[in-house]
Amino acid sequence: MKNKIIMFWVIVLIVIASIITIFVKPTKLGLDLVGGSRLVLEAQPTQSVVEITPEVMNRLQFAIESRVNKLGVAETVVQQTGDKRLLVEIPNVTDLKEAKAFLGETAQLEFKKEAVNKDGVTEWVETGLTGQDLAKSTLTTDSVGHWVVSLEFKAEGSKKFADLTKELVGKPMAIFFNGDLVSAPNVNEAIYGGKAQISGGDSGFAYEEAERMVNLLNAGALPVPAKIVEENTVGPTLGADSIAKSKVAGIIGLGFVMLFMLAYYRLPGLIADVALIIYSLILFALFKAIPVTLTLAGIAGFILSIGMAVDANILIFERTKEELRAGRNLFTAINSGFDRAFTSIFDSNMTTIITCTILYLLGTSIVKGFALTLALGVIVSMFSAITITKNFMHLIFGTGELKYPQLFGLRKDEIGKGFEVTETKRENARFGILD
Amino acid sequence: MTTDNIAKHIIDIVKHRFIWLCVSAILLLPGTAALIYSAIHNENHVPLKVGIDYTGGTILQYGVKENISNSSLSKTRVDLQSIGIDNPYIQILHANGDSQDGINNIISIRTKFIGEDQDTVNKITEALSKDYENPELISVSSVGPTLGNELFKNSLLAITLAFLGIVAYLTIRFKFDYALAAILGIAHDVLFVVGAFSLLGIFYDVQIDGLFITAILTVVGFSVHDTIVVFDRIRENLRYYSKKMSFGEIANASVNQTLARSINTSLTTLLTLLALYFFGGVTTKDFVLAMILGIAIGTYSSIFFCSVLVDIWEDHKNNKTPAEKTTAAI
């Protein structure tokens with residue numbers, strides 16, 4: 001019994017921590033529920049890409065999407081609108097300025113060499129080696145501790161780079177980023193192996209500058225520059241009116257569920273209701289702490305996980321009732337009820353967790369949000385059913401015979417008349433049955 | 001210790017097993033027919049009516065002077081539906097900074113492709129004029145799909161792999177037969193819901209939106225969950241009774257023992273969903289409907305479809321190898 005009381009206080013502490021988290025942390029809601037910012041980007045033709053074709057637009061959309069994902073803004077929508085515009089909707093970004101700077105940058109990395117043009121002026125010309133030849137880029141430091149951007153070329157890029165450096169031995173090679181000259185070191189010897197470093201010239205890079213460059217290079221260059229032509233804040237896509245109604249409906253629905261549990265399972269039902277409230281508090285606190293951007297898909301996962309949490313309680317109570325009908329005393333009935341329900345709770349929840357893991361790893365935004373909230377919900381529901389409900393049941397009912405079968409929604413004459421469960425000797429020992 | 005007691009039951013799934021399979025067939029037939037019919041008749045041979053999330057559409061933006069309340073937004077939605085604009089996405093944009101011309105808010109309406117159809121645009125403008133003072137049409141532009149082909153294919157791949165994961169886990173914890181029955185159960189439930197929406201598409205022009213994928217995922221999750229609870233009971237009973245009772249009797253008893261739980265769980269989940277359906281917002285109605293249908297059929301299939309399948313296979317095996325009859329236990 002002592003363990004049970006300690007456990008009770010642990011649960012109380014968890015609840016307090018959850019409530020504090022809920023009050024302190026902001027809720028992150030998706031575009032469909034709360035709205036956000038809507039940016040319209042317009043593709044700008046360049047000297048090399050004169051015409052904005054649908055193919056260019058597809059590449060631009062893909063590049064912007066992957067860039068937004070790198071930025072860590074969940075649930076962003078990127079759509080083409082008209083012939084050369086992209087509509088980007090970002091939910092509740094804290095720093096829109098940063099997002100804007102990040103979206104508009106072409107992130108075009110170019111390696112150039114010197115050449116004399118027809119007027120006799122020396123200028124930098126393209127060599128065909130660009131950021132598209134990169135496999136990846138990382139942030140490192142050089143021998144004197146300056147921040148440098150390390151580059152690793154793809155197979156073909158490595159060859160291009162080796163050829164270029166061989167050609168330019170003793171001459172400068174310039175590195176341009178977004179059209180600006182970053183540095184132009186002299187090439188001492190041909191470089192094989194497909195690795196290179198960019199230092200920020202004599203003064204070196206500031207950390208932020210180098211980090212940003214690495215992020216942009218890894219997210220990939222835009223095929224053409226994109227200019228922000230429109231900027232608005234938007235309301236939720238699902239409509240503020242619909243959401244307001246659904247909120248009320250959700251609360252009504254949960255109220256029905258709680259009433260049902262109370263009416264059908266009586267006192268255990270009440271315990272389940274309390275466990276359910278605690279469950280929701282913990283889960284909601286987790287959503288805020290991680291943080292999870294909640295969209296309607298995420299909320300669907302949440303509703304399903306509530307269903308599963310209620311189900312765990314129902315499974316346990318049905319089994320406990322069966323044990324009571326078979327004439328067991330309270331302590332044994334509760335213990336074996338939990339024990340027997342556990343395998344089905346465990347197996348069904350494990351399948352859900354496996355499914356969610358796969359969906360989360362491979363799925364796209366909508367699927368991901370759903371998988372994440374459902375998996376979290378199922379994990380918390382196992383804890384809630386097995387720890388919280390069981391603890392409360394033991395504390396309230398204690399040991400001894402069931403004096404008031406009505407508390408479980410049973411009739412007195414049902415007791416001892418149901419089918420008798422047969423246990424193995426090992427199980428008898430575990431449930432504390434001595435007959 | 002009486003096997004009479006455990007064999008006592010309300011529903012006999014074994015005796016009437018072919019009737020239950022027929023019921024499943026009857027439930028699935030109209031939807032399947034609708035899917036085939038639509039696949040042949042629809043453009044692009046998509047068996048469902050797909051909404052603007054998949055196809056793209058047109059965005060109309062209107063500038064209005066007054067502030068927009070939730071109730072006027074609802075009214076606008078109803079007005080637009082009444083002139084034949086189905087499932088519009090209505091969003092309010094707050095023009096940042098410049099409130100020149102006295103325009104404070106922009107109503108953005110996303111609907112299916114209107115293109116150059118000036119009539120429809122005029123009709124929408126007219127409908128809005130009823131609700132707002134001089135709405136000014138700022139722009140009409142087309143938008144691409146939010147759920148492109150890539151995204152859709154990607155989701156399908158993820159779901160297929162998730163299925164394999166389920167099969168692997170159930171094979172380890174139960175037996176391959178059970179895993180297969182569970183997967184067929186999922187297919188049964190998904191086919192029913194998708195078929196129902198195909199029917200709704202034909203008769204009521206219901207379109208599926210991006211949320212439909214989520215609804216289907218929920219149905220899959222519930223379906224497996226429900227089936228496993230029944231299977232778990234069969235597994236447990238087999239351990240104790242496999243020598244005294246036939247597999248059919250055990251399956252029957254297990255289904256009946258879990259019946260109260262199956263019904264109560266579905267009922268509680270359905271209570272929440274029904275509340276959302278009747279009292280919730282319009283934009284999520286179809287999404288909730290898909291889940292209601294899915295959970296109802298999921299409960300049915302775990303009792304009358306998956307267990308029956310396992311029973312039939314088990315019988316089939318035992319007939320082939322009568323010597324192994326007593327080792328049906330897992």
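In the predicted model, chain B contains 11 helices and four strands. Of its 330 residues, 48% count as buried. Among the contacts in chain B with a separation of 6 or more, 80% are accounted for by residues 24 or more positions apart. The domain assignment divides chain B into domain 1, made of residues 3-45 and 148-327, and domain 2, made of residues 57-143. The centres of these two domains of chain B, taken over C-alpha atoms, are separated by 43 Å.

Within chain B, helix 2 (residues 17-41) packs against helix 7 (residues 176-204), and the two axes come within 8 Å. The axes cross at roughly 50°. Angles from 65 to 115 degrees count as roughly perpendicular and those under 35 as roughly parallel, so helix 2 of chain B is oblique to helix 7 of chain B. The crossing of these two helices of chain B is left-handed. On the side of helix 2 of chain B, the contact is formed by Ser24(B), Leu27(B), Leu28(B), Pro30(B), Gly31(B), Thr32(B), Ala34(B), Leu35(B) and Ser38(B). The residues that they meet in helix 7 of chain B include His188(B), Leu191(B), Phe192(B), Val194(B) and Gly195(B). By class, the contact of helix 2 with helix 7 of chain B has 11 nonpolar residues, eight polar residues and no charged residues.

Chain A has 435 residues, of which 44% are buried. Its secondary structure consists of 11 helices and 11 strands. In chain A, residues 24 or more positions apart make up 71% of the contacts with a separation of 6 or more.

Helix 7 of chain A takes part in two helix packings described here. The first partner is helix 1 (residues 2-24) of chain A, whose axis lies 8 Å from that of helix 7 of chain A, at an angle of about 45°. Helix 1 of chain A is therefore oblique to helix 7 of chain A. The crossing of this pair in chain A is left-handed. Helix 1 of chain A contributes Ile14(A), Val15(A), Ser18(A), Ile19(A), Thr21(A) and Ile22(A), and the residues met in helix 7 of chain A include Ile278(A), Leu281(A), Ile282(A), Phe284(A) and Lys288(A). The residues of this contact between helix 1 and helix 7 of chain A comprise 10 nonpolar, two polar and one charged.

The second partner is helix 8 of chain A, and here the axes come within 10 Å and cross at roughly 130°. Helix 7 of chain A is thus oblique to helix 8 of chain A, and the crossing is right-handed. From helix 7 of chain A, the contact draws on Val257(A), Tyr265(A), Pro268(A), Ala272(A), Ala275(A), Leu276(A) and Tyr279(A). Helix 8 of chain A supplies Ala309(A), Val310(A), Asn313(A) and Phe317(A). The contact of helix 7 with helix 8 of chain A has 10 nonpolar residues, one polar residue and no charged residues.

The contact between the chains takes 66 residues from chain A and 64 residues from chain B. On the side of chain A, at least two residues each come from strand 2 (77-81), strand 11 (226-234), helix 7 (240-289), helix 8 (296-325), helix 9 (330-362) and helix 10 (365-397). Helix 7 of chain A gives the most to this side, with 17 residues. The side of chain A that touches chain B consists of 35 nonpolar, 23 polar and eight charged residues.

Notes
Residues are numbered from 1 along each chain as its sequence is written. Chains are lettered from A and ligands numbered from 1 in the order in which they are written. This is a predicted model: local features need pLDDT of at least 70, side-chain atom pairs count only at pLDDT 80 or more; totals for chains, interfaces and linings use all residues. Domain bounds come from an automatic or database domain assignment. Two residues are in contact if their C-beta atoms, placed from the backbone, lie within 7 Å. Ala, Val, Leu, Ile, Met, Phe, Trp, Tyr, Cys and Pro count as nonpolar, Asp, Glu, Lys and Arg as charged, and the others, Gly among them, as polar. Axes are lines fitted to C-alpha atoms, for helices over the stretch in contact, and angles run from 0 to 180 degrees between N-to-C directions. Angles under 35 degrees count as roughly parallel, over 145 as roughly antiparallel, 65 to 115 as roughly perpendicular and the rest as oblique. A crossing is left-handed if the near helix is turned anticlockwise from the far one by less than a right angle, and right-handed if clockwise. A residue is buried if 20 or more other C-beta atoms lie within 10 Å of its own, exposed if 12 or fewer, and partly exposed in between; C-beta atoms are placed from the backbone.
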